[in-house]
Structure formats: C-alpha cells, structure tokens
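I opened this entry to look up how the two chains sit against each other. The sequence and model come first, then my notes.

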2 protein chains.
Amino acid sequence: MSRMPAAQRREAMIAASQKVILARGLVAATTRDVTEELGVGVGLLSHYFSWTDLRSIAFARIAEADLDSAIRQRSDVDASQVLRDVIANAFAESADPVWRLWIEATELAAADPSMSRVVAACTDQWWQALAGLFERGCVEGAWSCDDPRGASWRIIALLHGLAGLTLAGDPRLTRAEATRHLTIATEREIEGPAGSAPLSRTSQR
Amino acid sequence: MSRMPAAQRREAMIAASQKVILARGLVAATTRDVTEELGVGVGLLSHYFSWTDLRSIAFARIAEADLDSAIRQRSDVDASQVLRDVIANAFAESADPVWRLWIEATELAAADPSMSRVVAACTDQWWQALAGLFERGCVEGAWSCDDPRGASWRIIALLHGLAGLTLAGDPRLTRAEATRHLTIATEREIEGPAGSAPLSRTSQR
DNA sequence: CGCTCAATTGAGCGACCGCTCAATATTTGT
DNA sequence: ACAAATATTGAGCGGTCGCTCAATTGAGCG
C-alpha cells in the first residue's frame, strides 16, 4: 500500500479502527481487521500502537464525536430543543452500536488501565455537557433546575442503565418505553416556567 | 476425584462455576478454572455441559441468590426497611463482584443466546421483586406509588447505570454520591404519608 | 546514480481457549 | 466372579489472538 509519513499513518489507523470497532464491537474487533481495512501488513499496526492503546483511542474518538453531534455542536439551538432531541434519539436503533461500545468499554475498563482512563474521561465530558445544558436551559428560561450537576449524573446513569436493558433485549422494555421512562425522570429534574412540562413537544434531530 | 452420580456432579459443577465466576469474572473464568476447583479432569466438564451453558446457568444462580437475600427472603420485614437496605447496600464494596458480572453478562448476551435468555429472565425477576416491594409499601402505608411497575424499571436502570459508572472508577462519582443519587430518585417515585420522606432513617442489612 | 533511513511486510512464535475421544477406573446388577 | 453400565481422565487438536523481527521496499537527496 502507499507509503505515509508516520503522523498521517497513525491518524489513518485510528480512523480505520473507529470503523472496524463500530461494526464489530470493542471485543470482537482484532488487529487483523484493522490492517485488512487499511490494506497494510499485520506488522505495521504494532509498529505504531499496542492494540490496547489503539482500541481505547478509537473508542474515545467515537464517544466524543457522538457527544459533539448530540450536544456540543448545538450551542446555537434552544436548550429545550437539544434536550428533547437527546431523549428522542437516545434509544433509536441508530444509537445501538455506540451503546454497545459503552457497555463493552465499561467491562474492559476493569482490566485495561488505558480504557479505564478513557471511559472516565468520556463520562466526565458527557457529565459536563449535560450539566451545561441544564444550566443553559435555566438561563434561557426554559426551565429551572436546582442541581444541574446532580441531575446530570442521574440522567447519564439512567441513560446507560436503560440502554443496557433494551440492548439485552428484554421484550418487557421496548425502546418506546425506555424513552418514556427517560422523559419522566428528566421532567422530574427540571421544572417548566409555569409548572408546565418543558418537554411536552416532540421533535427529531 | 471421587465418583458422583450425574445429577450430583452437575450440581457440584454449577456450584464450582459460581465460585470461580464470582472470583474471576464471566469473561476471565475458564473451563480449566472450574475443573481445577473441583479437582477433576478437564474432559469431565464438557461431558456434562458446554461452557457457554454452564456459565450462564452459574450467573443465573448468582443473580437469583443475590435477589433472594436482598428482597425475596425478606417478606417478613417492613417494606420501607427492605428498600432502605437495598439502597444502602447497592454500592457497597461487597456488591462490586455481582455488578461486574451484570455488566459482563449484558455484554456477553449480544453474542450468546443462552446468556441473553438468562439476563432477560433475571432482569424480569428483579423488576417483579422491586415492583412488588413498591406495592407492598403502599399496602403497609409506608408510602404511595402511582406506577410501581414503571418505578421499578426506572430504579433498576438507575441501579445498573450508577453501578457501571462507579465501577468504571470515575473519581467524580463516589460510592456515597451514587447512593445519594439513588435515594433522591427513589424518593421521587414514592411519597410519604404526610409528605414526609419515607426513607429518612438509615440502616444496614 | 547510489546512499540513507523511514516505512512496510508477513511467516511464524508463544500463549490461551474450549472441546474431543480412546483409554481407564469404578460402581452396579446378576 | 463376571459383565455391563457409568464415570472419569488428559494428551492433544484446531482455532484465535497480539505481537516480533529479519528482510524488503521506496522516497528523498547530494
């Protein structure tokens, strides 16, 4: 395959890893999957990364891109609209692959220090972004919220928990019901201006 | 090792698997760990089980035993006391190994139909037990609860989510704070007789 | 053109895993 | 005592995986 300077090759490897990992999962993906995707020899990957490192770097990129498109890049949109979209898209089928990665990453973090750091860092970024969103909604007058930081932890934990339960495929908890539970819990964290439910309208991103 | 009739040997294998899996985790535990624990030849395990099946059976036993000691065997105790203890013990260090298994089981369920069934069944049992506890609290006059079944899903999801976050080791979310978040969310699901917080007292099981 | 060095190759290593199966050991039935 | 049924053994098979390293390729340069 074509020769590349080291920095560019490293970026190409991270990008290929993201693609492979999204398709096959953090555990099932192998170094050979990545080298095949790139069309390079198997030895090249180990020349630039250990698989443990590359895997966690790729997960970090995926998680951060997801957070960007869900919240961070939408500072120009109403906070109430962003929050409604986050809830509406949380358990859509298109979100399944990323949730699967979060579950696998949480499990790998127990034995993989590199993944442990990444999971902690990405969780923190979600926590900050969601807490910021709650605060922004207060400033914009969309709702009031006593404890945005605490609310952010509770909603993130509920998100992860509901995602795990729906992915496990219990037929008693459909995607629609998961969305309903998330809506109920979120409405308890924030309060509309005149006691009205601030999330009543629905929308899609 | 000593000879056993088939039924007894199967039970001994399940018990040994529970021990090994609690110590090493669902993914790290191997067939050789179990046969060593039993002091038998490696071939004997495959004579009675596939590892996939034995692993999911052992997890089911562990999860059900945990549910028994937390809720099911305590029908003689006040519902409010049982709920307080569930919350107090949820994120104690002693609960870590079982939470780790839940996380691993959720991940294995994606590729392992046997584990998928077990996870769905055990989740249902927790859901029913917790919903039953909320209903019992109403009957006993400890609190009122509009939607015990919905509340049960939300609390279970929050439990799993918070457990994953604390196990991932984010220093921003301590065990004590996880317990606090769980308490807050639970108090929003139930309402004390005179508007009082029905979980104000603390206790240990 | 020839030199240098970074980039690249891939057969193979070593380790781990679940599982097989012919052989062996022990109990049970008559 | 003998046979039949049952329980148990463990070397070895076939497979997967991340990673190594001597050898090769090719771009840049005087």
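My notes below go from the two copies to their interface and then to one pair of helices.

**The two copies.** I am working with a predicted model. I looked up how chain A relates to chain B: a turn of 180 degrees with a shift of 0.0 Å along the axis lays chain A on chain B, with an RMSD of 0.0 Å. I therefore wrote down a two-fold axis. I also noted that both copies use the same surface, since 100% of the contact residues of chain A recur in chain B.

**The interface.** I found 31 residues of chain A in contact with 32 residues of chain B. Which helices of chain A each supply at least two residues to this side? I listed helix 6, helix 7 (113-139), helix 8 (148-167) and helix 9 (175-189). Helix 8 of chain A gives the largest share, eleven residues. I sorted the side of chain A that touches chain B by class and got 14 nonpolar, nine polar and eight charged residues.

**Helix 6 against helix 6.** I then looked up helix 6 (residues 96-108) in chain A and in chain B; their axes lie 9 Å apart, at an angle of about 135 degrees. Because angles over 145 degrees count as roughly antiparallel and 65 to 115 as roughly perpendicular, I entered the pair as oblique. The crossing of these two helices is left-handed. From chain A the contact uses A:I103, A:E104, A:T106 and A:E107, and from chain B it uses B:I103, B:E104, B:T106 and B:E107. By class I recorded two nonpolar, two polar and four charged residues in this helix contact.

Methods
Residues are numbered from 1 along each chain as its sequence is written. Chains are lettered from A and ligands numbered from 1 in the order in which they are written. This is a predicted model: local features need pLDDT of at least 70, side-chain atom pairs count only at pLDDT 80 or more; totals for chains, interfaces and linings use all residues. Axes are lines fitted to C-alpha atoms, for helices over the stretch in contact, and angles run from 0 to 180 degrees between N-to-C directions. Helices (H or I, at least four residues) and strands (E, at least two) are DSSP runs, numbered from the N terminus. Angles under 35 degrees count as roughly parallel, over 145 as roughly antiparallel, 65 to 115 as roughly perpendicular and the rest as oblique. A crossing is left-handed if the near helix is turned anticlockwise from the far one by less than a right angle, and right-handed if clockwise. Two residues are in contact if their C-beta atoms, placed from the backbone, lie within 7 Å. Ala, Val, Leu, Ile, Met, Phe, Trp, Tyr, Cys and Pro count as nonpolar, Asp, Glu, Lys and Arg as charged, and the others, Gly among them, as polar. Copies are superposed by least squares on the C-alpha atoms of residues with pLDDT of at least 70 in both.
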